[in-house]
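User: Hello! I am new to this structure and would like to get to know it step by step. Could you show it to me and then take my questions?

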Amino acid sequence: MNCGVVVFPGSNCDHDCFHILKHVFKLHTEWIWHKGDMDLSRFDLIVLPGGFSYGDYLRAGAIAQFSTVMKDVIRFAESGGRVLGICNGFQVLVEAKLLPGALIQNNTQKFICKTVPVRVENTSTAFTGECAGESVLNIPIAHHQGSYFIDPDGLRQLEENRQVVFRYCGPAGEVTDEFNPNGSVGNIAGIINEAGNVMGLMPHPERCADPAWPNLDGQLIFKSIIKSLQSGVSA
Amino acid sequence: MVRQHGMTLEEFRRIQDLLGRAPNVTELGIFSVMWSEHCSYKSSRYYLKKLPTEGPRVLQGPGENAGVVDIGDGMAVVFKIESHNHPSFIEPRQGAATGVGGILRDIFTMGARPIALMNSLRFGAADHPRTRFLVNGVVDGISNYGNCTGVPTVGGEIYFDPCYNGNILVNVFCLGLVPSDKIFLGNASGVGNPVIYFGSKTGRDGIHGASMASSEFDESSEEKRPTVQVGDPFAEKLLIEACLELMNEDWVVGIQDMGAAGLTCSTFEMAGRGGTGIDLELSRVPKREEGMTPYDILLSESQERMLVVVHKGMEEEALALFHKWDLDAAIVGEVTDKPVVRIFENGNEVVNLPVELVVDGALDLKRPTKKPGYLQKVDHVNLTDVPDLARGDETLKKLLASPNIANKHWVYEQYDHMVRLNTLGLPGSDAAVLRVKDTKKALALSVDCNSRYCYLDPFHGAQIAVAECVRNIVCSGGEPIGLTNCLNFGNPEKPEIMWQFEQAVSGMGEACKFFDIPVVSGNVSLYNETIGEAIYPTPTVAVVGLLEDSTYHTTQWFKEEGDLVGLIGLTVEELGGSEYLSVMCERVEGKPPHLDLPLARTINNLCLSLIKDGLVVSAHDCSEGGLGVALAESCISHPHAPTGAVLDVESTIRNDACLFGESQSRILVSFSVENRTAVEEKAKAVGVPFKVIGKVGGDSLVVNVNGEEFINEEVSYLKKLWMGALESYVR
C-alpha cells in the first residue's frame, strides 16, 4: 500500500501524518511537493495534512485549490483514489470543490486546540469501517476556521446520502449545541463525498495514533482505510 | 541630532575620538542602535559576568544567538528566552507575534528544528481598563504566529499585577533540537565568501525599534506605534524549512537572523565574530518600496529576514534552494580581510566603520546603585492586624478564582500545543514534557518568576525563581541541565533600579551555582517604566530538564482512590509576599519566604529518586497559594474527572500560614499504600521532613487542621471555579 503526504509550503502536520503512516503503521509513504506535476496513480492513499497551506491569510485553502498538486489530486480523486483531508486538508478539499460546503471562522473567534469527543455517524465508509456503530472517539482539534457551513438544501442532501461521517458530541455521544466547539452546522466535524473516496475532517486523528500516548482513537480511522484497501473493496 | 538618536554627548565624543572624524548621519544611526542598551548590554554586562555559564554539557554559552546544551545520543538542545515588552504594550498583537518570530529565528539560525515555545506574560491589574485588551491582543498574536509556523506552544505563565499597568511583559522562550555536531554559528569568515540576504523584503517598518526598547514610555508612547513591526508567520515557516534544508548541505559558513537593528546588527556582529570585514551593496537588497535611503535600509527591522555567508562557489545552489521555497534572496556582499564594514549604494561608499568599534565600543557602564527607600516600608509585615482564619473554604475558593492562580486553559487552548507529536505533558501540570523522537529521552520545560518576591527582596526573589523553576522540572521527572533568563527591570539610570538589578543577578548567580545549572543564554530588558513608574523587578527564568527515560514523566494530579498523600518539606509561619496577603488583604509586604538552598537540593534529589524508583504517582510543587491551593490543584487538574481527598494536617502555626503560606521547597506527592514504607524510609534516609497527610478519594476536598475541619468543598465545584475564572474575566 502506497501513501502520499502532500506538502504545501505552509503545511505543518505533514511530518505528523508521515510519522503515523510510515513509523506506526509501517506503510510505504512518500512526500508529494506542491509544485510537482506528477502522476499520482501509483498511490493508494493521498493525505492532505493540516497547517496553513499558503499562509491562509485569505480563506484557508483558497489559494491551495489553484496549486499544481491539487490538479493532480483532483484527477486522482476523480478516478476513485482515496483522499483524506485533515484540518487544513479538509479546508483545501472544500475549496477545491471535492467536498461540498465551506469552513468558516469558529464562532468563538478564537483558535481552539483541545481534545473533543466526536460521534461516528457512518461506519460503512472506507474510512470508518473499524469504528463500532455510533461510537464516540476522542480526537484533538486545532483550528481557527473549522466551523462547517452548508446551505439547508446541501445539508439535506448530505444527511440523505449519509455523507456526514463525524459530529462533535458530548462524552456520551450527545449531539447538542453545548458540545459544538466551533458553531458547525449540525455539529458536523467530518464529511465524505458522494462517491465515498474523499473524506475531510477537522479533528486530527494523527494526533491520537502514536502508542506514546494512551489515547489511540485516531488509529481506528487509519486502520479502517488500510483494511478497506487491503480487502480490495472499492470505496 | 545626537539626542534624537538617544545618545549622550559623551558617547558622541567617544565615537569622534575613536573614529578620528565625525560620523555621517547613516553611521550615527548605526551607532545609535548598536550602542543602545538593547544591543550593547552596556548597563548590564558587568553584572552578567557573575552568572555561571559553563558545565560539562554546555556546547555553546552566551554570546551567540542562543545557548546549546548536550543531551546525549548525539543530540543537543538550543534554547533562549527573549523579551518583546515595549512593542507589545504599544501594539499587543503584532508586538507579541514578532516576539515569537524573533526567538524562533534565534533557534533555527543555529541549525536546530524549533520544537517548543513557551511564554511568560505579565499584565496590569485585572480591573485596569487596558488589561483585557492587552491580554486578548497578546494571546491572539502568539497564537496566530506560533500556530502558523507549526511550533507548539507547550507552556508558560501569566500574572496580573498593578505594577505592569503601564508596561506589560511579553517574554518568549523557544527550544530547538539539533545534532550536536551540526551547530551553526553567526560568524563571517573566509575572505571572498559571498554574503547572501534571504527572506522577506526590507521595508520601512521598525526603524529604531531597538532604540525604542531602550527608553522609558511617556504620554506620547502611542506615537511609537509605527516602530512596531508586522509579522508574517508564513514567511517564517518558509524560512525555517529553507534554513534547515540549507544546513543539510555543507555550504554554510555562518548564518544570523536580522533581529533588533536589522541588517546593521547582523552584518557587524557576523564580521565581529569572524574577525573579518564585510562589503555590502545596498542596491541589491530586496526592498518593499522605492526610494529607501541607506539609513532606512540599514535600520529597518522588517521581520523574517536572514543573512548567510556561504562557501564561494555555492552561491547559485543556495539561491536555487531559497527560490524553491519562494523566498527573496540576493548576494549582497562579500567577506573581506580588513575588520571594517563598508557599505555602498550603487558603488558609492556610504558607511565605513571599524567592526570592533561598533560591536564592542560602547562603554561598559558601572552605573551607581542605591538601596531603594520603599523597602523600609514594605519589607516587614505585621500579622497582628490580620485575623487568623477559623475556616479556609472561602479563602481557597477566592484564591482558585483569582486571575494569577486560576487555570489558564482559555490561553493555552488558543495555542496549538500538540503539533509535531512530541508533547507528552500537555499544559496544565508543573512543567511541559516533550519526548525526543528516536530516543528514550524526554525534555521538561518550565518558566517562572514571582516578581512580588523580587520587589520585596530582589536577591532572594531571584533565588526563589530559580529554585521554583527547578522544582517544577523535578516534579515532572526531569533533571535540570540548563537555564536561560530574561531580566526585566526599570530604568537603569536610576540607582535604585540598578540596585535591584545587581541584587537579582547576584542571587540568581548564586542559586545557579548552587544547583549547578549553567546559564547558557538570556536577554536583558531595561527601561520598563511609564511616566517614572517602574515594574517590579522581574528576572524570569526558564529551566530545561532532561528525563533519561520518558517513562519518568510525572504529573501533578492525584491518580487513584485510596492512594496516600504525602508532603515533602517543612511548613513554617511565613506569609510575606504571599498571594494570600495580596488577594485577601491587598497587601504587598513582608519578606519573601525563606529559601534554604541545601534543603531544596536534598528535597529535589529525594523527589527525583522517588519518581525514578516508581514509588510516587504524582508530584506537585507548592507555590502561589501554598499547600491549600496545591492540594486543590492535585484534586482538580486531572484532565478527566476530578478526585477528592481527605487530609489531616498537624500544625503549631497560624491556620492561614499553614494552608496558604508559601514556604519554599515543598512537594506534594501521592503513592499507593504498599509503597508507604519505602517512601518514608527514603525520606528518613536523607533527613528530609516528610509526613503522610491524607488519602485520595471521595468527591470533596476535606482538610482538617489539628482534628478540626478547616476546608470541606466539593471538588467538582472547585474545578468549575478554577476553570472558569479567567475565561469569564477576559471575555
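Analyst: Happy to help; the questions and answers below go through some sheets, a core, a helix pair and a chain contact of this predicted model.

User: Let's begin with a sheet in chain B. Which strands stand at the edges of the sheet ordered β14-β15-β16-β21-β17-β18?

Analyst: In chain B, six strands make up this open sheet, and their pairing is mixed. Neighbouring strands are turned by 25 degrees against each other on average, with direction ignored. An edge strand here is one that pairs on one side only, and in chain B these are β14 (423–425) and β18 (519–525).

User: Which residue of β15(B) stands opposite Gly425(B)?

Analyst: β14(B) and β15(B) run antiparallel and are joined by two bridges. Opposite Gly425(B), in β15(B), stands Val433(B).

User: Moving along that sheet, which residue in β16(B) is the bridge partner of Arg435(B)?

Analyst: Strand β15 (residues 432–435) of chain B pairs with β16(B) in the antiparallel sense, over four bridges. The hairpin of these two strands has six residues between them, and there Asp438(B) takes a positive phi near 70 degrees. For Arg435(B), the bridge partner in β16(B) is Ala442(B).

User: And on the other pairing of β16(B), which residue of β21(B) does Ala444(B) face?

Analyst: β16(B) also pairs with strand β21 (residues 538–547) of chain B, antiparallel and over seven bridges. Within β21(B), the residue opposite Ala444(B) is Gly545(B).

User: How many residues of β16(B) are buried?

Analyst: Take the two faces in turn. On one side, Ala442(B), Ala444(B), Ser446(B) and Asp448(B) are buried, and on the other side so are Leu443(B), Leu445(B) and Val447(B). The strand, residues 442–448 of chain B, is mostly covered, and its buried residues number seven of seven.

User: Which helix gives the most residues to the largest nonpolar core?

Analyst: This core has 310 residues, and those touching the most other members are Met34(B), Val78(B), Phe173(B), Leu445(B), Val466(B) and Cys607(B). Cys607(B), for one, touches Val474(B), Cys475(B), Ile568(B), Ala619(B) and Ile667(B), leaving aside residues up to four places away in sequence. With 10 residues, the element that gives the most to the core is helix α18 (residues 458–475) of chain B.

User: Now for another strand of chain B. Why is β7(B) described as largely enclosed?

Analyst: On one side of β7(B), Pro194(B), Ile196(B) and Phe198(B) are buried, and on the other Val195(B), Tyr197(B) and Gly199(B) are buried too. The rest of the structure largely encloses this strand (residues 194–199), because its buried residues are six of six.

User: Which residues stand across from Phe198(B) in β11(B) and from Ile196(B) in β10(B)?

Analyst: β7(B) runs antiparallel to strand β11 (residues 328–336) of chain B, with six bridges joining them. It also pairs with strand β10 (residues 305–310) of chain B in the antiparallel sense, over five bridges. The bridge partner of Phe198(B) in β11(B) is Ala329(B), and opposite Ile196(B) in β10(B) is Val308(B).

User: How are α22(B) and α25(B) set against each other, and how many charged residues does their contact have?

Analyst: The axes of helix α22 (residues 626–636) and helix α25 (residues 715–730) of chain B come within 10 Å and cross at roughly 100 degrees. The two helices are therefore roughly perpendicular. Ala632(B), Cys635(B) and Ile636(B) in α22(B) meet Val715(B), Leu718(B), Lys719(B) and Trp722(B) in α25(B). By class, this contact has six nonpolar residues, no polar ones, and in the charged class one.

User: What about chain A: which residue of β9(A) stands opposite Val118(A)?

Analyst: Chain A has an open sheet of nine strands in the order β2-β1-β3-β4-β11-β10-β9-β6-β7, with mixed pairing. In it, strand β6 (residues 112–120) and strand β9 (residues 164–168) of chain A run antiparallel, joined by three bridges. The residue of β9(A) opposite Val118(A) is Tyr168(A).

User: Finally, which elements give two or more residues to the side of chain B that touches chain A?

Analyst: The contact takes 20 residues from chain B and 20 residues from chain A. On the chain B side, they divide into nine nonpolar, five polar and six charged. The elements of chain B that give two or more residues there are α7 (131–149) and α9 (233–247).

How values were computed: Residues numbered from 1 in each chain as written. Chains lettered and ligands numbered in written order. Predicted model: local features only at pLDDT ≥ 70, side-chain atom pairs only at ≥ 80, totals over all residues. Buried ≥ 20, exposed ≤ 12 C-beta atoms within 10 Å, placed from the backbone. Pairing = 2+ DSSP bridges. Core = buried A, V, L, I, M, F, W, Y, C linked by C-beta atoms within 7 Å. Contact = placed C-beta atoms within 7 Å. Nonpolar A, V, L, I, M, F, W, Y, C, P; charged D, E, K, R; others polar. Axes fitted to C-alpha atoms, helices over the stretch in contact; angles between N-to-C directions. Parallel < 35°, antiparallel > 145°, perpendicular 65-115°, else oblique.
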